[in-house]
Structure formats: structure tokens, C-alpha cells
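Q: Could you take a close look at one part of this model with me? I'd like a connected account rather than a list.

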Amino acid sequence: MQVAQEFKPTIVAFCCNWCSYAGADLSGTNRLQYPANVKIIRIPCSCRLNPMFILRAFQRGADGVILCGCHPGDCHYTTGNYYARRRMTLLFSMLDYLGIERERTRVEWVSAAEGAKFAATMNEFVETVTRLGENKRLEDLRCKSE
Amino acid sequence: MQERVKARAIELLESGVRVLGWKAGEFFYDVTPAVFTSREEIEKEFVFGPFCGANMSKYLIAESRKEGRVGVFLKPCDTYSFQQLQKEHRIWRENVYAVGVQCEGMCDIEAIRSAGIKGILGVDGDGSTLTVHTLYGDKTIARKDALAERCACCKSKKMLGCDELLGEQGEELDSARFDQVEKLEAMTPDERFAFWRKELSRCIRCNACRNVCPACSCEKCVFDNPNSGVENKAAANSFEENLFHIIRAFHVAGRCTDCGECSRVCPQHIPLHLLNRKFIKDINELYGGYQAGADMETRPPLTNFQMDDPEPSVVHERGSEQ
Amino acid sequence: MKKYPVSQLDSLFAAIAAKQRLYIPAGEAKTAAFQPWEEGMRLTAALNTVRSAKDLFFPQVENLVNFKVTGKQIEVIENRDPAEPFVVFGVRACDCRSFEILDKVFLCDPVDTYYETRRACGTVVTLACTEPEETCFCTAFGIDPTDPAGDVSCWISGEDLYLRANTEKGEALLGGLEMLEEGGEPVTDKTVFDRLPLQNLPLDKFGGEHMMELFRRAEWAGLAESCLGCGACTFVCPTCQCYDIKEFNTGDEIKRFRCWDSCMYSDFTLMSAGQPRPTQLERFRQRFMHKLVYYPSTHDGEFGCVGCGRCLQKCPISMNIVKVAKTLGEEKP
Amino acid sequence: MQKIGVFVCWCGSNIAATVDVQAVSDALAKEPGVVFSTNYQYMCSQAGQDMIQEKIKEYGLNGVVVCSCSPRMHEATFRKTCEKAGLNAYMVEIANIREQCSWIHKDKETGTEKAIILGRAAIAKVHLNAPLTAGTSPVIKRALVIGGGIAGIQTALDIAEAGFPVDIVEKKPTIGGKMTQIDKTFPTLDCAACILTPKMVDAAQNENINIISYAEVESVKGFVGNFHVAIRKKARFVDESKCTGCGLCTEKCPQKKVPNEFNLGLDNRRAIYIPFAQAVPKVAAIDPNYCTMLKTGKCGVCSKVCTAGAIDYTQKDELLEREYGAIVAATGFEPISMEKFDEFAYSQSPDVVTSLEFERLMNAAGPTGGTLLRPSDGTHPHTLVFVQCVGSRCDGGEKGKPYCSKICCMYTAKHAMLTREKYPDTDVYVFYIDVRTPGKNFDEFYRRAVEDYGVHYVKGMVGKVVPENGKLKVQASDLLGGQQLHIDADMVVLAAAIEPDQTARPLATMLTASMDTNDFFTEAHPKLRPVESPTAGVFLSGACQGPKDIPETVAQAGAAAAKVIGLLAKDQLTCNPCVANSNELMCNGCSACEKVCPYGAITYVDKDFRGPNRTTLRRRVAQVNPAVCQGCGACTVACPSGAMDLKGFSNAQIMAEVDAICK
């Protein structure tokens with residue numbers, strides 16, 4: 001328990017450029033706090049997220065990975081997030097199937113107007129992952145050195 | 001059937017096409033896919049029997065691009081791969097003459113060995129029990145125990161997209177092929193993790209599963225491509241074991257016909273088909289029934305969507321009591 | 001010759017494991033492997049392991065060295081695995097012969113110190129075969145499966161395990177095991193070996209003499225045509241010794257390691273100029289020419305194959321060295 | 001190896017307050033490939049930009065990382081800066097250490113630490129950046145304005161004046177929109193029709209403007225400069241080219257019982273009708289829901305009386321395919337339905353009306369010819385109660401809208417004033433939460449209503465309206481007087497909140513333009529780009545972007561037009577160079593990418609490649625049209641072999657960022 005308190009997870013948040021990245025900016029503009037262990041990577045669209053990137057993140061020491069994109073129907077590229085939704089659903093299901101904690105991966109639709117939602121989501125996600133503790137099941141010990 | 005197939009093979013050859021079929025080996029079970037170009041060869045070495053498990057469709061990617069036509073014999077499950085590959089424009093159909101061969105299930109020599117039978121020299125009996133001749137005398141085994149896993153839960157005896165059929169056209173069967181997947185799903189995450197660690201930790205990254213897989217027919221696999229960022233030659237640790245098999249399963253998701261070759265050829269007997277079947281099961285449950293290779297038109301599930309597809313959180317909700 | 005009741009193997013293993021790490025072939029038949037012995041672990045029912053005993057001396061992945069880059073400074077950090085003595089029990093005659101073949105490669109100048117260390121640390125305890133598989137053909141290479149080499153040779157005969165030390169290492173090992181009693185000779189029945197279907201391989205043509213002729217044989221095309229180019233045969237083979245040196249950037253240091261490579265792979269010995277063996281035919285030919293021709297030609301006629309039969313069982317398309325040897329070895333009319 | 005320069009911005013104290021900018025630039029200076037690193041107060045200022053350019057030249061930088069505000073803010077700025085210094089614009093990466101760092105963290109240590117990591121990620125990415133050159137795509141010099149209200153008309157007129165052809169698509173049979181129903185306009189009290197109808201006529205007569213009335217947009221494809229739009233022109237059953245608008249048919253039509261939407265159902269029209277006298281186009285239309293001929297096949301009176309022979313009962317919907325370079329949304333607003341507000345007895349008494357209905361009752365062209373009469377008994381009302389904020393400023397919003405509808409305070413003041421002016425014998429009460437009168441001459445106007453016209457303004461909400469023997473018993477609270485008021489009113493006028501037109505949401509989806517939770521179109525930037533949608537080539541005019549009065553609408557309409565003109569004035573648009581491209585050597589030709597491409601940017605060709613041993617292999621490979629590709633990257637994930645990659649967001653680049661962040 002004590003350990004869980006001190007443990008600061010590394011969270012990678014992939015945000016689509018048009019909605020969620022703007023949403024993240026908005027939560028900044030509104031000075032809405034969320035933990036610093038969330039680091040955002042900008043991708044043009046949620047459909048750009050290759051499952052390899054997620055696994056890569058876990059390999060390199062991420063404890064949680066979240067994808068944020070436009071709400072289904074609002075994709076800047078019309079259909080991108082629909083594909084992303086299927087891909088992520090299947091990938092997450094597979095990770096779960098392999099016994100990797102399902103709470104480590106997540107998809108959240110955040111529009112450019114939902115700065116508050118972005119912050120809330122991140123706070124909540126960091127909390128969840130902190131409770132889970134360090135990513136052990138999908139770690140690459142070579143990257144855990146030092 | 002052996003004789004019918006052989007006879008047809010000769011006719012085809014004499015009609016001027018190369019014939020892709022199974023070639024006899026040192027023993028009765030070690031048959032090798034081969035292209036036959038002479039009558040003698042066929043008469044002497046062509047076999048079609050209970051150990052012709054190899055799925056010929058993948059060879060057609062290369063063979064169909066060569067000069068002239070190639071005749072091929074395809075078991076029902078092979079025809080699904082055959083059609084899926086056409087769907088992906090991998091096979092030049094006009095250069096292929098496809099003969100569907102009905103099949104009552106292939107035996108797996110490894111299954112017989114796992115039954116503790118050593119020094120196997122021959123097998124006969126088509127009935128429910130097989131007599132196995134060994135260095136240590138004759139043994140018997142129930143045919144169902146000698147059957148390959150994929151055949152024990154055969155999904156379909158339908159032969160698709162062939163130019164002609166040998167044997168009765170079959171039907172799709174409601175197979176129990178998802179039972180094992182369900183068993184795993186019913187486990188706790190910890191149990192599942194332990195299960196897959198035990199299995200995948202045996203992986204020696206020989207790439208047999210990948211190289212035999214009709215869906216894994218990339219010009220260059222990401223795992224062989226130094227620029228892909230995931231290239232690796234050996235699974236250096238548990239992560240890379242997972243990485244290889246997760247990505248491979250994902251890349252064939254919605255394209256895998258569940259032909260079962262991956263599990264057949266794995267020297268370490270890792271039940272790789274359980275990964276692919278998980279995706280197939282999920283796709284069926286989440287996006288409606290889909291069988292890769294069953295037709296030429298339907299859009300593969302991963303290049304398709306519905307406005308009201310379930311959210312990724314279904315994964316979390318499913319069995320969230322755990 | 002010493003002996004010990006088979007029924008109490010556990011306590012023998014315990015005694016060895018008490019002093020140094022012990023590996024025994026364990027697990028269900030189809031996935032048998034050399035595993036660190038722990039309480040209650042039994043010998044596998046399988047004749048042989050899926051992967052050969054070579055793994056213990058030449059593991060699939062092995063750390064070589066680390067580099068740390070700080071600014072313009074490159075620091076080189078030793079990170080080879082610590083050398084601790086170990087015993088491997090139950091090595092078959094074929095695998096035991098494979099060590100000789102590997103030694104000739106790794107221990108000749110320049111010596112492969114990683115391999116050398118492991119060899120020095122390892123005590124090989126072999127186990128004579130009594131129930132060969134139909135795929136066994138070690139006898140074709142002059143190996144006597146009923147009288148294996150190694151630091152210690154063992155036989156299971158009747159109720160007892162018979163042990164014979166062949167080397168100082170062997171002496172040392174057995175010397176340390178008080179529970180062993182002096183014993184007579186095991187009875188070995190060789191008749192089954194005469195019934196082995198593959199024992200008479202036509203090998204006379206192979207070796208250095210007919211190199212170019214064999215190289216040019218037309219049959220290679222037919223043999224190689226359905227090869228999938230996977231590495232199954234290579235990785236289960238006790239004598240395959242090719243490896244690739246790779247580097248992994250962890251972000252704060254670079255780990256250089258080596259891992260098995262396979263001449264069957266399309267990127268094997270890939271060079272800036274391109275692929276020296278552009279099609280599977282050349283790669284396939286390379287592998288078998290190496291076992292049957294190149295290796296003997298440079299190692300006074302000794303073949304690079306020990307007839308363990310693993311590739312016969314594991315090749316996805318059942319193409320293997322026996323088929324190659326028979327196709328090329330038999331005199332054509 | 002890149003020679004990278006790092007420029008850390010303080011953004012005044014915005015960043016510097018919670019991020020130790022010195023520490024950041026020092027830490028990043030140690031990163032591989034970084035040859036120069038500094039920090040400065042305002043990197044986006046001229047001085048800051050000059051410094052960047054100077055350093056690029058001085059150190060021969062071939063990669064630049066700016067740690068500053070969001071790339072959505074200044075990426076373009078810094079790219080231009082570097083381009084001027086001879087560095088390819090796409091060798092620049094921004095580390096967002098303001099919105100995503102300094103502004104969300106209080107603790108300086110944390111902020112600094114995170115800023116360094118974000119900087120590292122950007123550096124890692126720049127290492128893999130390659131110079132990109134943008135392709136170009138032609139601009140179709142024609143604009144589409146969706147909605148023919150004052151906003152749409154003004155936008156169209158301004159674009160047309162600049163010499164570009166415009167189509168106005170209006171779903172009603174006439175253009176003009178809400179303003180046509182308004183009687184007078186605040187604060188000047190001049191007649192709405194008098195200022196609107198001339199504009200409608202101008203639009204009709206302008207040879208650059210093509211009005212497609214009684215039509216709706218059915219689908220939108222393509223992208224900025226190159227939209228393909230399908231427009232459904234609904235059947236009018238009247239041949240526009242023949243109809244002279246004489247109106248004879250509308251007098252002879254036997255079907256008299258059709259609620260007249262122009263007067264909000266306060267009176268009736270015929271089944272064949274011209275919405276109002278000044279309609280443009282002045283062409284009759286048959287209402288298929290009421291026309292006996294169309295429903296039963298018996299009647300045909302209108303066709304008999306029509307001397308022009310314009311009636312055509314067989315007319316079908318027509319689908320027009322048009323191409324445009326720019327699209328303007330001007331879909332306007334609607335008052336919300338009053339159903340949910342039964343406490344005001346709207347559904348119980350015809351004498352409870354909405355403000356818009358009141359406009360009609362006051363209007364000379366209205367049902368009562370401009371004399372204010374009670375809808376129930378046609379008598380002259382003596383006591384009127386105006387209720388403000390009906391459905392506006394509702395928290396929770398389940399009943400009404402969270403926002404202020406903005407125009408109600410002023411039009412109610414107008415109504416009250418006009419009533420008192422015309423009928424000095426009336427008592428007029430206005431119940432309000434606040435009176436909001438920002439705007440030129442607005443407050444003066446309101447005060448005139450109170451001071452000169454003796455309108456009773458009561459701060460407080462009306463709780464209940466009960467119809468009782470011909471009167472409306474109004475129960476309200478007077479917050480300032482601290483008492484409950486009971487008024488026997490003859491009429492109650494509800495200032496209904498306004499909401500975006502129902503057609504806006506589906507349209508937004510077609511345009512892939514985003515909307516806020518109230519279905520108002522969102523602007524590209526709330527302050528700096530108020531008339532553009534985030535979707536390139538789509539612009540916003542009028543109330544579809546938020547509640548507005550007429551002058552504001554007209555102003556925004558003009559602004560939108562200016563943006564459109566700016567776009568159409570270009571012959572070529574430089575495309576986004578961050579597009580997909582396929583490595584033919586690795587392509588399987590499996591068509592997965594083609595299937596997921598929303599723009600049809602991917603095509604296939606059979607190509608010969610050199611195989612091993614001097615053989616040639618024919619393979620089917622994908623090719624990307626960089627002018628059409630918009631760079632979403634869907635194809636890159638669909639491609640199993642990784643042959644398809646995205647410039648500027650390549651697999652390698654993203655993974656490098658991942659590594660840097662997780663390190």
C-alpha cells in the first residue's frame with residue numbers, strides 16, 4: 001500500500017491533433033491540474049496509433065497507455081476513429097487474454113471543447129494505474145536498468 | 001481418394017499444367033509439398049493420405065506468378081486460405097487450376113507420439129482405431145486421438161472457389177473450436193498470464209509459424225525489417241516473446257482463416273491457434289460473424305466499421321468481476 | 001563403474017544439485033527440455049529434448065558487452081553471464097558428439113571465450129539409449145548410442161543406473177557422491193539399433209572430394225522448392241553454430257548480444273552489397289553442404305551432423321538431411 | 001547526425017513561473033545532436049524569431065526544437081521563421097511546455113522535470129525528421145453558402161461582389177430567413193423588411209449568385225479547395241422558370257386550411273402558396289402534405305388557373321452535383337419549443353405567445369394586419385406580461401439551455417416600447433433575471449423603454465400563468481420589492497431561448513466540422529479565428545456559431561466572406577506535406593490501406609521489380625496521391641508489412657518520442 005502511494009507511474013497519452021490534443025491544450029488554458037507523469041504524444045488522428053507503439057511504450061517502461069481521439073462521428077478525417085476503435089478493442093482484448101491488466105490500456109474520446117474531461121480522465125487514469133502498480137507483465141528488463 | 005487424386009493429377013499434368021501436391025517421404029507421415037512435372041514422379045511419389053496436412057495455398061503466391069498454369073489440390077480448409085489470398089490480390093487466379101479434395105480429417109504424427117508411441121514405422125486402419133507399427137511392435141490408438149487438433153474441431157468441409165471438386169461438397173460445421181478460448185477467458189488474469197508465459201516462454205523464434213502462415217505473406221515482415229522498430233531475430237526475453245506473437249496475431253486478425261498451420265508446425269507445440277481464434281471469436285461477438293476467406297466480397301472487419309461499434313471499454317466490462 | 005538404484009534418482013540429483021546447478025531433460029514428451037533440476041523433477045519420457053544440449057554451452061541469446069554513451073565518451077561495460085560450474089545429466093550420445101563438432105569451431109583460434117567458459121564450467125553426464133526413435137541415425141555417423149562419451153557415461157539397466165567417469169571432471173563429480181556403490185556392468189541390448197530404418201545413409205560421396213559436383217547438382221532445386229525458409233531445423237540442431245551479433249538500445253545504454261541465426265533466413269549474412277544467397281535454393285543448399293561437405297572438408301572428414309533426428313521431426317514440410325543425403329548420395333544410373 | 005538547436009521560451013511568466021527555463025535549456029544542451037540551446041522571454045516575438053534565424057545560420061542548424069506553447073498556437077510561426085533562415089519548415093518540432101506543462105503544474109520541480117522530458121521527446125523526433133516539400137492542389141473558384149438568411153445573403157453578396165460565383169442553398173421555398181418575420185429592429189426601430197428585402201433582391205439579381213431554394217445539402221465529399229457536394233432540390237410541383245409569381249393560384253386553391261408557417265401558424269395559407277409577398281424567388285410551391293391533387297389525384301384547380309402553365313404535379317426531387325472551393329455554414333437558429341414550459345400555459349391559452357409570434361402580431365404583413373389583438377378573441381389587450389429568459393440560462397439544461405440567448409433583452413425592450421407607443425392605454429410588465437444591454441445604444445434604448453415609455457421592469461421570475469375566465473392570472477415574484485405579484489394579464493409574451501437549427505448537426509457531420517455540446521459550430525479559435533471551422537475550407541456565418549443580433553450577424557457574415565475570398569483568390573493550395581507514402585519494395589498489394597482511406601487517395605499499379613538472379617517480378621503495389629491524401633494515417637496501421645508510412649509522423653518518429661518519454 002505504502003509503496004503504491006509512492007509509486008509514480010509513467011503514462012503515455014496519444015492524442016489526436018484535432019480534438020484531444022486541443023482538449024489537452026484547453027485544460028491547460030483553463031489551468032486544470034493533472035499529474036505530471038502523463039506525457040502527451042501528438043498524432044494526426046487516433047487511427048494513426050499502431051499497436052506497436054503501445055507495446056513499445058510498455059517495453060520502454062510505461063505503466064499505462066491511453067489513446068484520446070475525437071468522438072465517434074466527429075473525426076476530422078470522418079472515419080479514422082471508427083477504425084481506431086476496432087483496432088484498440090481487439091488489441092486490448094488480446095492483452096487481457098494474455099493476462100495483462102486490462103486497466104493499463106484505455107481509449108477516451110475527448111473533443112476540443114472538453115478540457116475538463118481531459119483533465120478528469122487523466123487524473124482518474126493515473127489513479128487507476130497507480131493502484132495497479134508497476135507494469136511487470138509487459139516489461140522489458142533491459143530497459144529497467146538504472 | 002489417394003488413387004482418384006493421383007489419377008486426376010496425371011490428367012492435369014498431361015493437360016499441360018504443373019501439379020502442386022504432396023510428395024512421399026522416408027516414412028509414411030513425412031510428406032513434403034512439391035511441384036510435380038513428370039508422370040513418373042506422380043506415379044512414384046504423389047500421395048494423398050491422412051498425413052497430408054500441409055496447406056498448399058501459400059505456395060500459390062509464388063507459383064501463380066510463374067510461367068504457365070499450376071494445378072493444385074486443396075483441402076476444404078485450404079480453400080479458405082486460397083480465397084482469402086485472392087481477396088488480398090496475392091494469387092494470380094488465372095494461372096491456377098484448383099481442385100478441391102474432400103477430407104475426413106488429417107492425423108498428426110506428433111499426436112501419436114504424445115500418446116507415448118515410439119519408433120513409429122507405419123500406420124493402418126481407417127476405422128475408429130489405428131494400428132501403429134513401431135520398432136517395438138504394434139500399438140493401437142483411437143483415430144480421434146491421432147487427429148490433428150484443428151481437424152478434431154473442423155469448422156467447415158466446404159470447398160470454395162475451386163475449378164472442380166473431388167468428393168462430395170461439404171457443409172460448414174458448428175465446431176467446438178472456441179471451447180479452449182472460452183476456457184482461457186474464464187480464467188483469472190493471473191491464471192491466463194501464467195498459462196501464456198508457460199507456453200510462449202518455449203518459443204525459439206524459428207518463425208515456422210509465420211513462414212507457414214498463408215496470411216503472413218508480407219514481402220518483408222516487420223520482424224525482419226531493421227527499420228520497423230520491432231525487428232528481432234530471437235526472443236531476447238519474455239517481452240519479445242509476447243511482442244512477436246501479439247503483433248503477428250494482430251496483423252493476421254480478420255485475415256486468418258484458422259487453418260491451424262501455425263500450431264501444426266510449431267516445434268515447441270505452442271497453441272498459437274488460440275491467439276488467432278481469440279481474435280476470430282472477438283470479431284464474431286463484437287462485429288458480427290465473419291469467416292476470412294468464406295467469400296470474395298465482404299469487407300474484412302479491421303478495414304470496416306459500424307457507427308455503433310462497441311467501445312474499447314467492453315474489454316474492461318467483460319468479466320470485470322475478476 | 002558405479003551404480004545406483006534408479007528408484008532413488010531424486011536423491012542422486014539432490015546430491016549433485018547441492019553442489020552445483022544440475023540440468024536434466026524434463027517435461028512432457030513433446031516439449032521436453034533441459035531444465036534446472038528442482039525437488040521432484042523427473043526425467044522426461046521422451047528419448048530426447050526438443051532443443052539440444054547445445055543450449056547450455058551456446059545459448060540462443062547471450063549478452064556480450066554493454067556500451068554507455070555520455071556526451072562524446074563511450075564506456076565499455078563487461079556483462080557476460082557469471083561463470084558457475086554446472087552439471088548436465090542425460091545427454092544422449094548424439095548431442096554429446098555435437099560438442100566435439102562445436103568445439104572445433106568455437107575453441108579454435110580465435111577462441112570464443114564465452115563458449116569456452118561454459119564448456120569449462122560444464123560437466124557432461126551422458127545417458128545411453130535403449131529405445132531409439134525411427135528418426136535416429138546417429139549410427140550412420142559412427143556414434144554408438146549405447147556407449148556414449150562425456151565426462152560421465154550412464155546406463156539404465158534393470159533397476160539400476162550405472163555410471164562411469166571418463167574424465168577428471170567426471171571423476172570429481174562421482175567422487176563427491178558418497179551414495180554411489182561400486183557395481184558391475186550394465187546389460188545393453190543393441191538389436192533394436194540394427195532395425196533402425198535410416199542407419200545406412202549413403203554418405204560415401206560426401207566430404208570434401210566432390211564439393212563442386214555436389215554443389216552443382218540439379219536436384220537441389222527440387223529439394224529446396226518447398227522450403228519455407230524458417231529456422232526450425234537450425235534451432236533444434238545440436239551442431240548449428242551460426243549466430244548474429246545485434247545491439248539493443250535501452251535508451252541509456254547499448255546492449256550488444258548475440259543470438260542464433262539461421263542460414264535458412266533471407267537476411268542471413270546480409271551485406272551492404274545485398275544478399276549473397278538470393279533465393280531459398282542457395283540458402284537451403286548452404287545448410288546441407290555445410291553439414292555434409294564443407295565441415296568435413298575442413299575437419300578431416302568428420303560430418304557436421306550427428307543423426308539425432310530432430311530436424312526430421314520438426315521440419316514443417318518434412319524436408320531434412322536424410323532426404324538430401326539420399327537424393328544426392330545414391331549413385332545415379 | 002543532426003545539428004539541433006533548442007530554444008526554450010519563457011512566455012513571459014506563463015512558462016517561466018512554473019518551469020526553470022534555464023535548467024531546461026541546460027539539460028537539453030546535453031542531448032545528443034544538440035549543438036545550441038538557450039532560453040528567451042518571448043520566442044514568438046520578432047526578437048525571438050530573429051535570434052532563432054541568426055543561430056540557424058551561425059551554427060548551421062539542420063533541426064530546431066522550440067519549447068514553448070502548443071504547436072497549435074505557434075508551430076506555423078516558427079516553421080516560417082526557420083524557412084526564412086533557409087531551414088526546411090518541417091525540420092522544426094515544438095515541445096508543448098505551456099498548455100501541457102507549466103499551466104497544469106504548480107510545483108516548479110515537477111514542471112521543470114516534465115518540460116525536459118517533453119523537450120527530449122521533441123529532440124528525439126527531430127533527429128528523424130526529413131525535409132518535406134508541400135505539394136499543391138487546385139482551388140475550385142466557387143463557394144457554397146448553406147442557409148439563405150441574412151447571414152447567408154450577406155456572405156453570398158460579399159463573395160459575389162469580389163467576383164466569385166456563389167450558390168446559396170436554402171431549405172425553405174424563399175430566402176430571407178428569420179429576419180423576414182421580424183417587424184422592427186432594435187435599437188433603431190427601423191422596419192426589418194425595408195432593410196432586408198432589398199438585399200434579397202440584390203442577391204437574386206447578382207449574376208454571381210445562384211439561389212437554390214427549397215433544397216438541402218445531401219452529402220459533402222472532398223476537402224478544402226475541392227469539395228464535392230450533392231444537393232437535393234425538393235419538388236415544388238411548380239416550374240420555377242415559368243411561374244411569374246402572380247399569386248392567382250394561391251387565391252384559387254380550395255385547400256384553405258394549411259397553417260401558415262410564415263405567421264407561425266397564427267393564420268392559414270393555401271396548399272399552393274408563396275411564403276410572403278417579397279419572397280425570393282417569388283415562385284409558388286405546392287405543399288404535398290395538403291394538396292388534394294397530389295394526395296388523391298382529384299382537383300387540379302391551380303393548374304387550370306395558371307396561365308403560365310407552370311404547375312407540374314409530376315415534378316420529382318432533383319439531385320444536383322456541384323463542386324466548390326469553400327463552404328459557408330449559415331444555418332441560423334430556431335426558438336426552442338415551449339412544450340417543456342407548461343407553467344406559462346403556452347399550450348393552454350392562445351394568448352400566451354412567443355416573442356417571434358408577437359413580432360407577427362405587431363407586423364403589418366401579419367395575421368392581424370399589424371393591430372395588436374388577442375389571438376383568442378381578437379380583442380385589444382390591456383395588460384401585457386413579458387417573461388424573459390424562458391429556457392435561457394437554465395443550469396442543468398435538461399429543460400432549457402445553459403447559455404444566454406443574447407437577443408431577448410433587447411427585442412423585449414423593443415416590444416414593450418412599441419406596444420406602449422401604439423397603445424398608451426396598455427400596462428406592460430417585463431419580468432427579468434438581469435437586463436443585459438451591452439452594445440451600441442443598447443442601454444440607452446432600454447432606459448427609454450423604462451423612463452420615457454413607462455414599461456414596468458420587474459426583477460424576478462414568473463412562477464405560474466393560469467388561464468382563468470378570459471384572463472391570464474400571472475403569479476410572479478418581485479425580488480427588489482420583496483413581494484409576490486398577482487397580475488391579471490390579457491397576454492403573456494415568452495422570450496423563448498434560441499437554439500441552432502435542427503439541420504446543423506447532420507450538416508456538421510457531413511462537413512466533419514466540430515460542434516459544441518449545444519450544437520453550435522465550434523470556431524477554429526475562439527478569439528483568433530472566430531469565423532472559421534477547424535475543418536479547412538469550412539466557414540461560419542451568423543447564429544449557427546452562437547446567438548447573435550442582426551448587426552453582429554451581418555458583421556460576421558462579411559468576415560466569413562472575406563475568408564472565403566482569401567481562399568478562392570488562390571489558384572493553388574499548398575497541401576499538407578505530412579502525407580502517407582508507400583514503400584513499393586515492401587508493399588503486398590493487399591488493398592487494406594485503400595479500404596480504410598477516407599479520401600480515395602490510394603491507387604494500385606502492377607509494376608515490374610528486379611528479382612533475385614536477374615529475374616523480374618511483377619507485383620501489385622500501392623501509390624498515394626499526395627494532393628488528395630490528408631495525412632490521417634489510417635493506412636499506416638492497416639498495412640501489416642509497414643510499407644505504408646506517414647511523413648512527419650513516421651513510425652520511427654513516434655517510437656522515438658515514446659522512447660524518450662518512457663526513458
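Among contacts in chain A between residues at least 6 apart in sequence, what percentage join residues at least 24 apart?

A: Happy to! Keep in mind that this is a predicted model. In chain A, 83% of the contacts between residues at least 6 apart in sequence join residues at least 24 apart. The elements behind that chain are easy to list: chain A has 5 helices and 4 strands, and going along the sequence they come in the order α-β-α-β-α-β-α-β-α.

Now for the overall dimensions. The C-alpha trace of chain A spans about 40 × 35 × 25 Å along its principal axes. Its radius of gyration is 15 Å, which agrees with the value near 15 Å that a compact globule of 146 residues would have. As for burial, 75% of the 146 residues of chain A count as buried.

Chain A also has a partner to consider. Its contact with chain D takes 43 residues from chain A and 40 residues from chain D. On the chain D side, at least two residues each come from helix 5 (98-102), helix 6 (108-126), helix 18 (634-638) and helix 19 (651-662). Helix 19 of chain D gives the most to that side, with 8 residues. Sorted by class, the side of chain D that touches chain A holds 17 nonpolar, 14 polar and 9 charged residues.

To place those helices, it helps to know how chain D is divided: domain 1 (4-126), domain 2 (143-234 + 317-332 + 501-568), domain 3 (248-305), domain 4 (334-499) and domain 5 (580-647). Taken over C-alpha atoms, the centres of domain 2 and domain 5 of chain D are 40 Å apart.

How values were computed:
Residues are numbered from 1 along each chain as its sequence is written. Chains are lettered from A and ligands numbered from 1 in the order in which they are written. This is a predicted model: local features need pLDDT of at least 70, side-chain atom pairs count only at pLDDT 80 or more; totals for chains, interfaces and linings use all residues. The radius of gyration is taken over C-alpha atoms; the globule rule is 2.2 Å times the number of residues to the power 0.38. A residue is buried if 20 or more other C-beta atoms lie within 10 Å of its own, exposed if 12 or fewer, and partly exposed in between; C-beta atoms are placed from the backbone. Two residues are in contact if their C-beta atoms, placed from the backbone, lie within 7 Å. Domain bounds come from an automatic or database domain assignment. Ala, Val, Leu, Ile, Met, Phe, Trp, Tyr, Cys and Pro count as nonpolar, Asp, Glu, Lys and Arg as charged, and the others, Gly among them, as polar.
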